[in-house]
Each structure stands twice: as C-alpha cells, then as structure tokens.
Amino acid sequence: MKIAPSALFQLDASSAMPLYMQLVSSIKFAIAEGDLHAGDVLPSERTLVETLNIARGTIRKALQQLLDEGILLRNQGVGTFIAPHIRQSLPLLESFSEMAAASGGIAQSEVVGYLRRLPTTEEYRVLQLAEDKDHVVELTRLRKINGIAVSLQMSILPAYLLDDVSDLGESLYLYLEKKGVQVLRASQRFSATSMDSQLASYLGTDEHEPILLVTRTGFTHNDLPVEYTRTWCLNDYYDFTIELHRKK
C-alpha cells in the first residue's frame with residue numbers, strides 16, 4: 001500500500017544533523033516502531049519535497065543511502081518501497097514464518113511444486129531411509145513477506161509425513177510439530193551460487209545473478225532426520241549472524 005505523507009517525516013531545520021540524515025533516521029525509526037512495513041511504498045520524491053519543504057537533492061541523498069543499505073528497494077513502475085529483511089541469529093533454530101514475524105512481516109508461501117518420488121542416493125543418505133522402496137515428497141515453495149518474494153525453498157521429506165499438501169498450511173515446522181515429529185535441531189551450511197533461468201523466473205530477477213544457498217537437515221526425537229531443505233535466498237533480504245567465542 002502507499003503511505004500518505006505524515007508526521008513520520010517531520011524534520012528539524014535548526015538541528016546540527018544534516019537534513020538527509022534526519023530523514024534516514026526518521027524512516028529507520030518508523031520501520032522499527034512498526035509504522036512502516038515491508039512492501040509499503042514511499043511517497044514520490046515530488047510529494048516528499050512538497051511535504052517536507054526541502055530540496056529534491058536532499059531527498060535523493062537520503063533515499064540513496066537507504067537503498068545502499070538494503071532498507072529500501074526501487075522497482076520501476078512501482079516506486080520505492082520498504083524492503084523485507086530477515087535476520088536470523090544462529091544457532092537459534094527458527095522457521096521462515098518465525099523469522100518473518102520477528103522482522104515485522106507476514107510470511108506467505110506459494111506452492112509451486114509437489115512431487116512424490118524415489119529419493120536420490122544423497123537423499124537416502126541424509127534422511128537415513130531404510131529401504132530402497134521408500135519414497136520421498138519434494139515440496140517446492142516460493143517464500144514471501146508481505147507479498148514480496150524473498151526465497152525459493154525445496155524441502156525433501158519422507159513421504160509418510162506429507163500425504164496431502166493441502167494439509168500443510170503456512171509453516172512446515174508447525175505442521176511437523178502437530179504430526180509429533182517436531183524439528184528439535186538442524187545442521188545448516190551456506191554456499192554461494194548463481195541464478196539459473198528457473199530461479200530467476202520465480203524470484204523475478206536476472207539470470208546468473210549471485211544468490212545464497214542455505215542447505216538444512218532437520219532432526220526430530222532420537223536424532224532422526226525428517227527434512228532436507230535447500231533455500232535459495234535473495235541476498236538483499238537475508239542477514240545471518242553468529243556469535244563467536246575464543247577458546248579458553
């Protein structure tokens with residue numbers, strides 16, 4: 001939705017802080033307070049100039065800084081809007097829905113693929129499947145925050161855990177918890193890759209652009225693996241942090 005010019009953007013011309021920095025701080029504060037949300041479209045430069053009574057160059061300098069920091073995004077034909085931003089503090093184990101909620105957004109999923117099939121050799125090994133006749137389910141979802149696509153996720157599960165995709169709902173982890181196979185821990189690794197044509201089409205970006213691939217294996221009770229998930233994350237929207245300690 002579009003944001004009407006309001007007191008959110010009041011500036012103090014007598015302050016020692018440059019006006020463009022005041023506007024940067026004002027927008028960041030409004031996001032932190034929940035007055036602005038991911039997907040909200042900012043007023044046009046012309047509207048901001050008229051509302052705030054400052055130079056267009058000042059507006060552009062502030063917006064450019066926020067664009068450089070990944071806080072704003074610009075889409076030709078749509079405008080400049082608040083970017084979704086997912087922060088995950090490792091080793092905290094969170095679902096996509098939980099991370100989206102923590103960022104002040106609403107998680108949405110679009111199922112773009114659901115296939116019951118025989119597992120690959122790697123999937124046999126990772127999921128510790130017992131017999132060659134075991135099947136898996138390949139579930140592919142486009143993950144969104146407030147309608148903005150931020151990642152594509154492919155989850156491989158033992159087939160007995162997901163007979164009907166319509167039973168899934170929004171959160172895979174919540175669904176598994178209700179099935180009695182709550183994901184209690186996970187191993188996760190990160191790697192850099194590039195967009196192929198299918199990824200680019202789903203995520204609305206250019207082919208061959210760099211993208212972050214997160215590969216996760218989730219374990220339930222008795223250290224039984226129940227999910228093998230690969231998530232291709234648009235770099236602009238994800239921020240993973242981990243706390244490190246020196247060996248005593």
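This is a short walk through a helix pair and a cavity in a predicted model. Residues are numbered from 1 along each chain as its sequence is written. Local features need pLDDT of at least 70, side-chain atom pairs count only at pLDDT 80 or more, and totals for chains, interfaces and linings use all residues, while side-chain values use heavy atoms, with hydrogens and water left out.

Let's start with two helices, H1 (residues 19–32) and H3 (residues 56–68). Helices (H or I, at least four residues) and strands (E, at least two) are DSSP runs, numbered from the N terminus. The axes of H1 and H3 lie 8 Å apart, at an angle of about 45°; axes are lines fitted to C-alpha atoms, for helices over the stretch in contact, and angles run from 0 to 180 degrees between N-to-C directions. H1 and H3 are therefore oblique to each other, a word for angles that are not under 35 degrees, over 145 or from 65 to 115. Among the residues in contact (heavy atoms within 4.5 Å) are Leu 23 and Ile 27 in H1, and Ile 59 and Leu 63 in H3.

Now look for the cavity: the structure holds 1 of 30 Å³ or more. On a 1 Å grid over the protein atoms alone, a cavity is a set of points where a 1.4 Å probe fits but cannot get out, and lining residues have an atom within 4 Å of a point. Grid points are joined across faces, edges and corners, and the volume is the space filled by probe spheres set on the points. Here the volume is about 260 Å³. Of the 22 lining residues, the closest to the centre are Phe 96, Met 99, Gln 153, Arg 216 and Thr 231. Strand E9 gives the largest share of this lining, 4 residues.

Note on methods
On a 1 Å grid over the protein atoms alone, a cavity is a set of points where a 1.4 Å probe fits but cannot get out, and a pocket is an open set with protein on both sides within 12 Å along at least five of seven lines; lining residues have an atom within 4 Å of a point.
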